[in-house]
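Biologist: I have a model on my screen and want to learn how to read it. Can we start with a helix and the strands around it?

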Amino acid sequence: MASIVGKVAGRLLGSLGARRSASKAPRPATFLHKVPQLGVCQAVFCSTRPPPTEVSLRYKHGRLALEVPLTCRSETCLFFLQPMLMTVGNLVSELQREDPGATATVLSKDGERVAYNTLIEALLIDKQFQLVINNTVYNVHAPEKVCKSSEHALQLDDMKHVVHLLHTALHLPEHQLIQERQLLERLDSLKQELSPLEKMKAQLSHTAEDQTSRAVWTGLALLSVQGGALAWLTWWVYSWDVMEPVTYFVTYATSMGAFAYYVLTKEDYVYPNAKDRQFLHYFYKGATKKKFNVEKYNELKDELAQVEDDLKRLRNPTQLQLPIEQIQPKP
């Protein structure tokens, strides 16, 4: 037993000595770098590039380009503008076509909303405007070249007016000759259509005039017969005491006839108007028998008058840009 205990104790002492010698062996040196203190700051980590937050208006490849951030793709999109042809509504439509979920509005630099039919050229006169996309306001500044061109917009309008005058001076005589030829052809066609109708109308008018004259003379003859009969009955057959009530009722009946004429025609019983009414009665009666189309005749007459008036205005010296003839004094 004593020998076994001695062996165990010797092995334990040997292991402790080995550990002490290992602890005294040199170790590799570790260098620590001192990091300077940067203060308290907020760090944001993202896996992709952050979306742009500005809208710029600049020239690119000689054309005016508007760079707008799109929320749907988190990238910018270039819109090439034509200031003198495009309107605010066209710009908004293109923005919504690229980003269907976006709502865009254009405001002036004072914050007032700009109408959709306003030209981009007029919008750039103030050199600054606001573009609102999904409640986000972007300030847009016009480049220097646009500001200078907008100042000469009036000169461009004057140039357009001069071009229009030149075009009118070169092409107006030819256009007027074409219009005059067309009007003359239409005038000749209308006169040919009206020629047989005019002859038939003249015959109907002559017949109606004769019948109206006969009716007037017949009325005069009846009044003459009535007056002679009353006179004969008063002085040769009966006395005035007997004929006085008769003449009263005859006069009263004549008054009732005149009032009945007013009730039926809504016109006073005036002899010229009554004669014209009788003439029209006989005329339309004859037109029905002869199958004369009065409505077509009136339409052709109205169109003929319109063509003659257009031809007269076309030949006016003022319209032809000719000197107006001076009014000669009467001898």
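Biologist: Across which strands does helix α2 lie?

Modeller: Helix α2, residues 88-98, lies across β4 and β5. Helices (H or I, at least four residues) and strands (E, at least two) are DSSP runs, numbered from the N terminus. The helix runs at about 145° to β4. Axes are lines fitted to C-alpha atoms, for helices over the stretch in contact, and angles run from 0 to 180 degrees between N-to-C directions. Contact means heavy atoms within 4.5 Å.

Modeller: A word on the source. This is a predicted model, where local features need pLDDT of at least 70, side-chain atom pairs count only at pLDDT 80 or more, and totals for chains, interfaces and linings use all residues. Residues are numbered from 1 along each chain as its sequence is written, and side-chain values use heavy atoms, leaving out hydrogens and water.

Biologist: In what order do β4, β5 and β6 form their sheet?

Modeller: Two strands pair if DSSP finds at least two bridges between them. Here the order is β4-β5-β6, in an open antiparallel sheet. The edge strands, β4 (104-108) and β6 (136-141), each pair on one side only. Neighbours in this sheet are turned by 25° against each other on average, direction ignored. Strand β5, residues 128-133, pairs with β6 over six bridges. One residue to find is Ile133, whose bridge partner in β6 is Thr136.

Biologist: And which strands form the other open sheet?

Modeller: That sheet has the order β1-β2-β3, with antiparallel pairing. Its edges are β1 (56-60) and β3 (75-81), each paired on one side only. The average turn between its neighbouring strands is 35°, direction ignored. Seven bridges join β2, residues 63-70, to β3. Ala65 stands opposite Phe80 in β3. Helix α2 packs on this sheet too, touching β2 and β3, at about 150° to the direction of β3.

Biologist: Now the empty space. How do I read that?

Modeller: Rolling a probe the size of a water molecule over the atoms shows where empty space is left. On a 1 Å grid over the protein atoms alone, a cavity is a set of points where a 1.4 Å probe fits but cannot get out; a pocket is an open set with protein on both sides within 12 Å along at least five of seven lines; lining residues have an atom within 4 Å of a point. Grid points are joined across faces, edges and corners, and a volume is the space filled by probe spheres set on the points.

Biologist: What lines the largest cavity?

Modeller: The count comes to one cavity of 30 Å³ or more, and the largest has a volume of about 40 Å³. Its lining includes Val68, Leu95, Asp99 and Ile133. Strand β2 gives the most, with three residues. By class, seven lining residues are nonpolar, one is polar and one is charged. Ala, Val, Leu, Ile, Met, Phe, Trp, Tyr, Cys and Pro count as nonpolar, Asp, Glu, Lys and Arg as charged, and the others, Gly among them, as polar.

Biologist: Which helix gives the most to the lining of the largest pocket?

Modeller: Helix α5 does, with seven residues. The largest pocket has a volume of about 600 Å³. Of its 18 lining residues, the closest to the centre are Gly219, Leu223, Tyr269, Tyr271 and Ala274. Helices α5 (153-237), α6 (240-265) and α7 (271-290) each supply at least two lining residues.
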